[in-house]
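Visitor: Before we begin, I would like to understand the words you use as well as the picture itself. Could you take me through them with care?

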Amino acid sequence: MFLLLAAAATGQDSERWWSLRRLEPTPVPAVEGVSGWARNPIDAFVHARLAEAGLAPSPEADRRTLIRRATFDLHGLPPSPEEIDAFVNDPRPDAFERLVDRLLASPRYGERWARHWLDVAHYGDTHGYDKDKVRPNAWPYRDWVIRALNADIPWGRFVEMQIAGDVVTGGASDGVIATGFVAAGPWDFVGHVELREGTVDKKITRNLDRDDMVTSTMSAFASLTVHCARCHDHKFDPIPQSEYYGLQAVFAGVERANRPFDPPEIRQRRQELEARLRSLESSMKDLAPKQVETEQVARRRAARDAAQAALAALPPAPPTKSPSNGWHSLVMSGPLHEKWVEVDLGSPQVIDEIILWPARPQDFPDTPGFGFPTRWSVVVSAAADGSDGRTLESHLGDTANPGDGPVRISGDGDQVRVIRMIGHRLWERRNDWVMALSELQAMAGGTDVARGKPVRSKDSIESGLWSMRHLVDGHTSRHPIGASPDGLRHRQELEAAVALREHELSVAALEAETARYPARVARREQIKGEMAELSTRLGTLPAPNYVYAAAPAFKSEGQFTPAPEGRPRPVHVLDRGDVAKPQDLAVPGALACVEGVSPALEDDGAEGPRRAALARWLTDGDNPLTWRSVVNRVWHHHFGRGLVTTPNDFGKMGSRPSHPQLLDWLAMEFRDSGGSLKALHRAILSSAAWRQASGHNAERAAKDFSNRLLWRANRRRLEAEAVRDAVLSVAGTLDLTMGGPGYRTFGFKDDHSPHYMYERYDANDRGTWRRAIYRFQVRSVPDPFLETMDCPDPSRSTPVRSETVTALQALSLLNNRFMLRQARELAERASREARDTSSRVARAFSLALGRMPDAEERARMDAYADRHGLPALCRLLFNLNEFLFID
Amino acid sequence: MASPVTQGMDRRDWLWRSGGGLGGIALAWLTAEARGFQPSVHHAPRAKRVVQFFMSGAASQCDLFDYKPELIKRNGEKWDPGEKVELFQSQPGKVMQSPWGWTRHGECGKHVSDLLPNIGSCVDDIAFVHGMTSKSNVHGPATLLQATGFVSPGFPSVGAWVSYALGRMSDDLPAYVVLPDSRGYAPCGPGNWTAGFLPAVHQGTMIRPDRPDPIADLELPADAGVSERADEDGLGLLGELNRRHRMRRPGDDRLDARIASYELAARLQLSAPEALDLAGEPGHMRDLYGLDHASTAEFGRNCLLTRRLFERGVRFVQVWSGADNGHPRRNWDSHEDLKKDHGELGTMIDRPIAGLIKDLKRRGMLDDTIILWTTEFGRMPCAQGSKGRDHNPFGFTSWLCGGGIKGGVSHGATDQWSFRAVEDQTTGYDLHATILHLLGIDHERLTVRQDGIDRRLTDVHGQVIRDIIL
């Protein structure tokens, strides 16, 4: 390891690493003496390696095993007994090819293989991290993956759509949706929404977020661990830190956010209407009003100019947004708690009026009058300690909520230093009670003398946009308050006057123009009418849908805002990955170590083209990584292990290919035949290598225990989702509805950090009896049943699932309510489909395992079912090794 | 047999290879018995089990263990630490002394807050680490950092690493048990006890003693329509059918492991309820852990359960004080009212934790049990609002006890304000390295390759804190 390190550091890595070398045509080895076994070139490669090691392949598995293996491989579901019989008894020489074609043509194929891809993309339906809020628009991406796989779109297209689909399709819905890949990973809500711009933690948050985008993209498509170069040059692979940050720069203009898109037919209508609108706009240019000067026009222009001058003479308008919500008490579990907040004016003085502005928080469902108590009073005092308080206003019976208010209370002409508002009965929020107020003004001679003065309260949440100091910051929850409310009114009056004079002027000008050029004016009015109509029709189109995807522009939320003007944010190389130590500005680019493709990416500083350029780099026919990566992933899922056993890492820390020539041959075949996954599946499944039996052979095992050279098929345990899908399928209850928001296997309660309560899942809810790909995937709290079966945490990319055997798995399969309910369903199904106990037992058994029980098995099961009932027996069937392992 | 740890090799690979000749790939990591209960270690261990107490929300060092007379002297004055301070959600307020007084305890004379008199009485067994710092000032990432060694989700937790390295000491109970706060999960929830990319067998098994089903799916539901007798007979038939299947498929130990897993499941069904049943605990034990006071009953029960689980072979227990962020506060994140929130939580943990220390000591178990008390970061010495404190990642306190740890010592220090760690700065990595060290493991050699990186619990950091080791 130290040698490698030294070599990487000194640049003496004379020979290029295998995965970075260009793809070279590989001759298919001669297939001497194996003509009886080999079925296609794959077998020639496999056989050559076996022969080298003095090994021989296994014979073909029987048909029953083949159809079960093929159906799980391609659908993740078991074949029905009827499908098995039909295949076993199919005399046609191409029966197997027909089987594979049938399986590939079914939409179940896309559902199965989307699960594999989403493991790599680390897709989830929540944000993860501590608040782990719901991500309600993630699923359109999941559905797109399923559609794309079923449609067998070329791999190059599949790649480019996920990195820059919005750019390469010019904003087509599928292109926008596909970039859900970039946004699929976790997202730190607190870091993005709550931390202030410019703080160190904000920079760390953004750095880690882009790191996830870069890591995902390069692991998934190129099988490289570029993320190892975040803090220093990659220690093992020839990837300098500058290139890592160059890749961060590619994603520096997008964030993970909700992005609008139209369904295709609406998009077409919207585009048509917008095109017509644009063409009318351009005709309007030729019909611009001609100035015809008349006395009336001149008079009205003078009036307009005077109104504008009056408005311009006002001091500049204050900003229109508010930076704060106001003050907010602690949250109580009942209404009858007294809360108070007070302002100390600093010295006793006479007050004309106290103005209370109710809150209307920006980060809460829009609620005017938020937190205004139903019973309240205002007490004032001339002493600093409030000792001689007198009540100015009191509502000890329930009062109506004032909405936006404001509520005005006249002064009593005496000295006031402290003004205290007291809530006697609190305002109900959501099953809890609070008091809040956005601003308290004390007007004296037209000036707010409370502004910026010290505020005290019984208690205060002091969190986010709420703080005691915001009670006197000159802003309601929504807008600034003018120095005097009258000032604001005056500005509005002047603005109205300008608008009126402007209108009068345009009427006069039009009259004058009409008198001189009647036809021109008539034509222009006609086009205006058409434009108005088009606008109306545009407005009545259905609102767009949303997908959680790579978004250059989106609606701001708290401190989470798009990059200014849609330009990528500058990215610097960071010394030791430390945001406090920025070095050179990073230049968007790809990797120089890959033979055959140039690392330079076209860049004009705009956001979209960078991603499109990276997509072109990845999908270039000469980029060897992309093509090796995908065929290895497909191989992994058909054989239980990749030719490279580290599908996300083709670098020096990953494993070397067991069959390098085969890997390259597959990569080139795949690339050159148009990148069709379905063609690749056909090639692999029709090989003798794949069709081998999984039986043991002690002599061969002694030479190659782990079966790295493929002298037999690998027996595979079903993954968590496949277990659940198979149980439903066998029980006859599987709902094959495709797509849409995920079904939930938990009770949900929204909060600052939402609660996901799996113990509240009702296993009898038929709406959840769908394929597991359509499950709502929570990141922080995994589904305990699936997790026990090794379903991975989607916080990180999972190219290879771990496979464990635990006592908790046994308990879940035996006792989980979902399993018990489906065992009953299977019993009912068998009862419907067969007449007596013994044939019902046999039916349930063959549904679950794809074969009939032998005489002894049948006798033992019959006896058990007679004694304990069919549901108890069906429960056992789901616990059999033969159900969970595919030969 | 070569140990996986000493060879620095992926356990899965190791078992895969050794399984060929020795029989028992999957079986080996399934059962402790198959491995002879022998952990594989790098050097002689001082301890064999760990409890991690996690104060979720950020427990305040300057109100519990980090005594600073300056805060009392300058209480209410403008706070000027001589630098610009960037706080999580507020502007620095005035200097605020703790609402509780301080008392010197034990032979070492350590100052501990009057909020924690019982823990105070144990100081001669405790090593305080006052120079703690955190990379993150945000609860989620900072909690993960202490629980898993990384700020991003998806990495194995400390307990999972310990289980992976050392395996279990019994086949009756899981190696790694988690007792969450009954009010809810801490930030990142089960992400804090995940196995990450380690095999799922190493994830923390959650036990929720307050629920009718403390371990999910442990028991056959009464309304399942399957009788107890059918369950028993069924296990017999299942074993028989699985063994017939297995006979025709030699050379695949996973099939044996699954058959064995049902036997282990049956043992867990017997042993777990017994371990969780406190009915046999005598009155003085209930008193020691505070089981009969409303304020300490839940945490006391979890501490007593920890001792019972340890006695029955559990290796790692993670006990949580504090749930998610919500209103009203149900964790240590006292932005608004420190006296109220820390007051309640401090009372909740004080007697139970001290009870566990004393109980383990009396039973001779403290010598090989490490107690780690930790939190994600600390709190500011200045006020937020008038009664709260904002986050402080620059200096906070953790402490350890038992299992080869020196008692009555303090390592590291913050400045006069309890603001920044200025002496012997430490991190969660150092705590993790120290714990692994005491368990006989070199933290730099316990690795698993994942996505091109030999991952460690301590990433590329971590120093064993020699000063606090006996």
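**A walk through the model**

Guide: Let us start at Asp210(B), which is found in the loop between β6 (205–206) and α8 of chain B, where helices (H or I, at least four residues) and strands (E, at least two) are DSSP runs numbered from the N terminus. This is a predicted model, in which local features need pLDDT of at least 70 and side-chain atom pairs count only at pLDDT 80 or more, while totals for chains, interfaces and linings use all residues. Residues are numbered from 1 along each chain as its sequence is written, and chains are lettered from A and ligands numbered from 1 in the order in which they are written.

Visitor: Why does Asp210(B) count as exposed?

Guide: A residue is exposed if 12 or fewer other C-beta atoms lie within 10 Å of its own, buried if 20 or more do, and partly exposed in between, with C-beta atoms placed from the backbone. Asp210(B) has 9 C-beta neighbours inside 10 Å and therefore counts as exposed. Its C-alpha atom is separated by 29 Å from that of Phe377(B), 167 residues apart along the chain.

Visitor: What makes α29(A) roughly antiparallel to α8(B)?

Guide: Helix α29 (residues 855–868) of chain A packs against α8(B) at an angle of about 170 degrees, with the axes 11 Å apart. Axes are lines fitted to C-alpha atoms, for helices over the stretch in contact, and angles run from 0 to 180 degrees between N-to-C directions. Angles over 145 degrees count as roughly antiparallel, under 35 as roughly parallel, 65 to 115 as roughly perpendicular and the rest as oblique, so α29(A) is roughly antiparallel to α8(B). Among the residues making the contact are Tyr864(A) of α29(A) and Leu237(B) of α8(B).

Visitor: How many residues of the two chains are in contact?

Guide: Two residues are in contact if their C-beta atoms, placed from the backbone, lie within 7 Å, and 77 residues of chain B are in contact with 77 residues of chain A. The largest share of the side of chain B that touches chain A, 10 residues, comes from α8(B). The residues of that side divide into 31 nonpolar, 31 polar and 15 charged, where Ala, Val, Leu, Ile, Met, Phe, Trp, Tyr, Cys and Pro count as nonpolar, Asp, Glu, Lys and Arg as charged, and the others, Gly among them, as polar.

Visitor: What makes α8(A) roughly antiparallel to α18(A)?

Guide: The axes of helix α8 (residues 155–168) and helix α18 (residues 607–619) of chain A come within 8 Å and cross at roughly 170 degrees, which makes the pair roughly antiparallel. The residues of their contact divide into 10 nonpolar, 3 polar and 3 charged.

Visitor: How do you know that the largest nonpolar core lies between domain 1 and domain 4 of chain A?

Guide: A nonpolar core is a set of buried Ala, Val, Leu, Ile, Met, Phe, Trp, Tyr and Cys residues joined through C-beta atoms within 7 Å. The largest has 184 residues, and those with the most contacts inside it are Ala844(A) and Leu873(A). Domain 1 (153–258 + 548–619) and domain 4 (817–886) of chain A both give residues to this core, so it lies between them; the domain bounds come from an automatic or database domain assignment. The C-alpha centres of these two domains lie 52 Å apart. Leaving aside its neighbours within four places in sequence, Leu873(A) is in contact with residues including Val841(A), Ala844(A) and Met861(A).
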